[in-house]
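This report goes through one protein chain, from its overall make-up to a few of its helices and one loop residue. The sequence and the structure come first.

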Amino acid sequence: MPSPKTKNPGRSGGSQAVGSSSDRFEFASLNKSLLQRQGSDPATARLRASESPTRRRGSSSSTGSASGQGPEEDGIRLNPSFIRVALSSLLAIDLWMSKRLGVCACEDSSWGSVRPLMKLIEISGHGIPWLAGTAYCMYKSDSPAGQEVMLNLFMGLLLDLVLVGIVKALVRRRRPSHNRMDMFATFSVDRYSFPSGHATRAAMCGRFLSAHLVLAAPLRVLVQLWVGTVGLSRVMLGRHNVTDVAFGFWMGYCQYNLIEMLWISPQTLQGLLGYVV
């Protein structure tokens, strides 16, 4: 009598064959349904599955090289980020130095007691006193040479106001956060900081006075000291950052060269007045 543990090999083989065929049928039907959902045929799916990551990376790199985006352009794209980081670092250093040097920004600052003196120096570099004083000297001057010098200085001051106003309106850099808006006779663009109008005016007037007025050596030294003190007072009062004053000095230096190029002689002035009349 056969043991109940022994199985019929024919039945077991038949059952396994039936099970495997049914499994394959279910897997094929499931795969077909998935392909129909994806909207692609089995041949395309097999091609996609046969692609290796290496071939895909190679095809993407070949596509990038075909479109003109090689490793050189990737390296070039890194340069703007480096420049941006460098500019951000310089800006941070500028703000830090400006805040450390703003010792007269308020009365309770470390050098708050000398704030009135710094404000007096600020008024000495303002545009309104310079325009009024130059116009008065031009009116009171008796010699044609003196009137010519004062006229060109007056035109240079007007040119300085226009150029500084244009640059401030374009850049629109705010004044330092520790600044107090208690300046003398401010205008619409004076809420902006770059460049320093006092620095441009001081540099331009300093060069003009040293070149066209007969001054002794001590007076020339005093003029240069006044120029440097005006620029330093802008930072100490918290009106401007260090870069605002530095760029203002350079701009004023260039403005004097422009005045020399556009110099108005008495003959030129008489010709212009005769043409207008």
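## Overall make-up

Contacts between residues 24 or more positions apart make up 72% of the contacts in the protein chain that have a separation of 6 or more. The model is a predicted one. Its protein chain has 11 helices and 0 strands, so that the order of elements from the N terminus reads α-α-α-α-α-α-α-α-α-α-α. Of the 277 residues in the protein chain, 30% count as buried.

## Helix 7

Helix 7 covers residues 144-171, which is 28 residues. From its first C-alpha to its last, helix 7 reaches 40 Å, close to the 40 Å expected at 1.5 Å a residue. Arg-172 comes just after helix 7 and takes a positive phi of about 60°.

## Helix 8 and its packing on helix 10

Helix 8 (residues 197-212) is mostly covered, with 13 of its 16 residues buried. Its end C-alpha atoms are 22 Å apart, which agrees with the 22 Å that 16 residues should span at 1.5 Å a residue.

The axis of helix 8 comes within 7 Å of the axis of helix 10 (residues 242-261), and the two cross at roughly 40°. Helix 8 is therefore oblique to helix 10. The crossing is right-handed. On the helix 8 side, the contact is made by Ala-199, Thr-200, Ala-203, Met-204, Arg-207, Phe-208, Ala-211 and His-212. Helix 10 contributes Val-245, Gly-248, Phe-249, Met-251, Gly-252, Tyr-253, Gln-255, Tyr-256, Asn-257, Ile-259 and Glu-260. Sorted by class, the contact of helix 8 with helix 10 has 11 nonpolar, 6 polar and 2 charged residues.

An α-helix has 3.6 residues a turn, so residues three or four places apart point the same way. The helix 8 residues in this contact include Ala-199, Ala-203 and Arg-207.

## Helix 9 and its packing on helix 10

Helix 9 (residues 217-236) has 20 residues. Its first and last C-alpha atoms span 28 Å, close to the 28 Å expected at 1.5 Å a residue. The buried residues of helix 9 are Val-223, Val-227, Val-230, Gly-231, Ser-233, Arg-234, Val-235 and Met-236.

Helix 9 also packs with helix 10, at an angle of about 155° and with the axes 9 Å apart. That angle makes helix 9 roughly antiparallel to helix 10. The crossing of helix 9 and helix 10 is right-handed. Val-227, Gly-231, Arg-234 and Val-235 of helix 9 meet Val-242, Val-245 and Phe-249 of helix 10. By class, this contact has 5 nonpolar, 1 polar and 1 charged residues.

Val-245 and Phe-249 of helix 10 are thus listed in the contact with helix 8 and also in the contact with helix 9. Helix 9 is followed by Gly-238, whose phi is positive, near 80°.

## Ala-105 in the loop between helices 4 and 5

Ala-105 lies in the loop that runs between helix 4 (71-101) and helix 5 (115-124). Is Ala-105 buried or exposed? At 3% relative accessibility, Ala-105 counts as buried, because the cut-off for that class is under 20%.

Which residues does Ala-105 contact, leaving aside its neighbours within four places in sequence? They are Arg-115, His-178, Arg-180, Met-236, Leu-237 and Gly-238. Among them, Arg-115 is 10 residues from Ala-105 along the chain, and the C-alpha atoms of the two are separated by 7.6 Å. Met-236 is one of the buried residues of helix 9, and Gly-238 is the residue with positive phi that follows helix 9.

Terms used:
Residues numbered from 1 in each chain as written. Predicted model: local features only at pLDDT ≥ 70, side-chain atom pairs only at ≥ 80, totals over all residues. Heavy atoms only, no water. Axes fitted to C-alpha atoms, helices over the stretch in contact; angles between N-to-C directions. Helix = DSSP H or I, 4+ residues; strand = E, 2+ residues; numbered from the N terminus. Parallel < 35°, antiparallel > 145°, perpendicular 65-115°, else oblique. Left-handed = near helix turned anticlockwise from the far one by under 90°. Contact = heavy atoms within 4.5 Å. Nonpolar A, V, L, I, M, F, W, Y, C, P; charged D, E, K, R; others polar. Expected span 1.5 Å × (residues − 1). Buried < 20%, exposed > 50% of the residue type's maximum accessible area, 1.4 Å probe, protein only.
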